[in-house]
Amino acid sequence: MTIWEMLAVFAAGVSAGTINTIVGSGTLITFPVLLATGLPPVTATVSNALGLIPGAISGAIGYRKELTGQRRRVLRLGSAAAVGGFCGAVLLLALPPTAFETIVPVLVGLALVLVVLQPRITAAVKRRRECLGSDSHPDPDGGPLLITGLLLASVYGGYFTAAQGIIYVALMGMLLTDTLQRVNATKNVLAAIVNTVAATFFLFAADFDWTAVALIAVGSTLGGQLGAKIGRRLPPTALRALIVAVGTVAIVQLLLR
């Protein structure tokens, strides 16, 4: 990488760590930047997954207050996330590269749709919570339906991490009677688990660009703390606009490769 490419990857890591902690979808920033440096899609994906682990952990630490009392829930949901992340990682390397290059634009497009629809998803979550009330849900951890949903979402996350956080928040928000801030805290832990499991598998089966990994790791760690501190003060419309713009560039770039 040139010095300018390294600075771009580092800046993308900071942005991704911040956005992942607040909303999710930070991969839509780091992934196209890595592609722009000339990395193949699969190498960019596995390097990104490993580099974002410190950022996910940093974001979870930043939300440690909201994680109080959620140990049992995190263990149950985290187990499903780990299994799903491993399956997604296996699929990434088992399918031919041509399949990845075909599937990823579709996944990025789906992620962008989820980002655009996030206000409606959040509103639906709020209405659902108000209808259920604080004592109406039989299982404080969401039950089998939530575990199954998170398992499938984590398969997607292990394959390609973009927007997995938004999917997690949507699922947990609909099936848990808890505040969105506590749900978001759990989301950060689940994302860290999926990234760690997938990246550990990739260490033994895939090629990394270690310069990219290091730059994203340092950047996302700083971004995770930044996102935890100022995330709730940032205009959500501006964040969505940024993600959609960068994600659109990613789709165009993938289709033109």
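## Gln70: a loop residue

Gln70 lies in the loop between helix 4 (53-62) and helix 5 (71-94). The model is predicted. Gln70 has a relative accessible area of 1%. The cut-off for buried is under 20%, so Gln70 is buried.

Which residues does Gln70 touch, leaving aside its neighbours within four places in sequence? They are Asp178, Arg182 and Thr186. With Thr186 there is also a polar contact: the two side chains are joined at 2.7 Å.

## Gly223: a glycine in helix 11

Gly223 sits in helix 11, which spans residues 210-230. Is this glycine buried or exposed? Its relative accessibility is 0%, so Gly223 counts as buried.

Gly223 is in contact with Val14, Gly17, Thr18 and Thr21, once its neighbours within four places in sequence are left aside. Val14 is 209 residues away along the chain. Even so, the C-alpha atoms of Gly223 and Val14 are separated by 4.4 Å.

## Trp4 and the nonpolar patch

Trp4 belongs to helix 1, residues 3-22. Its relative accessibility is 68%. Exposed means over 50%, so Trp4 counts as exposed.

Trp4 is also part of a nonpolar patch on the surface. Ile3 and Leu7 are the other members. The patch covers about 390 Å².

## Summary of the three sites

Gln70 is buried in a loop and shares a side-chain polar contact with Thr186. Gly223 is buried in helix 11 and touches Val14, among others. Trp4 is exposed on helix 1 and forms a nonpolar surface patch with Ile3 and Leu7.

Terms used:
Residues numbered from 1 in each chain as written. Predicted model: local features only at pLDDT ≥ 70, side-chain atom pairs only at ≥ 80, totals over all residues. Heavy atoms only, no water. Helix = DSSP H or I, 4+ residues; strand = E, 2+ residues; numbered from the N terminus. Buried < 20%, exposed > 50% of the residue type's maximum accessible area, 1.4 Å probe, protein only. Polar contact = N/O pair within 3.5 Å; in protein donor to acceptor, adjacent residues only side chain to side chain. Contact = heavy atoms within 4.5 Å. Patch = residues over 30% accessible without salt bridge, like charges linked within 9 Å, V, L, I, M, F, W, Y side chains within 5 Å. Areas by Shrake-Rupley, 256 points an atom, 1.4 Å probe, with all protein chains shown as cover. Salt bridge = Lys/Arg side-chain N within 4 Å of Asp/Glu carboxyl O.
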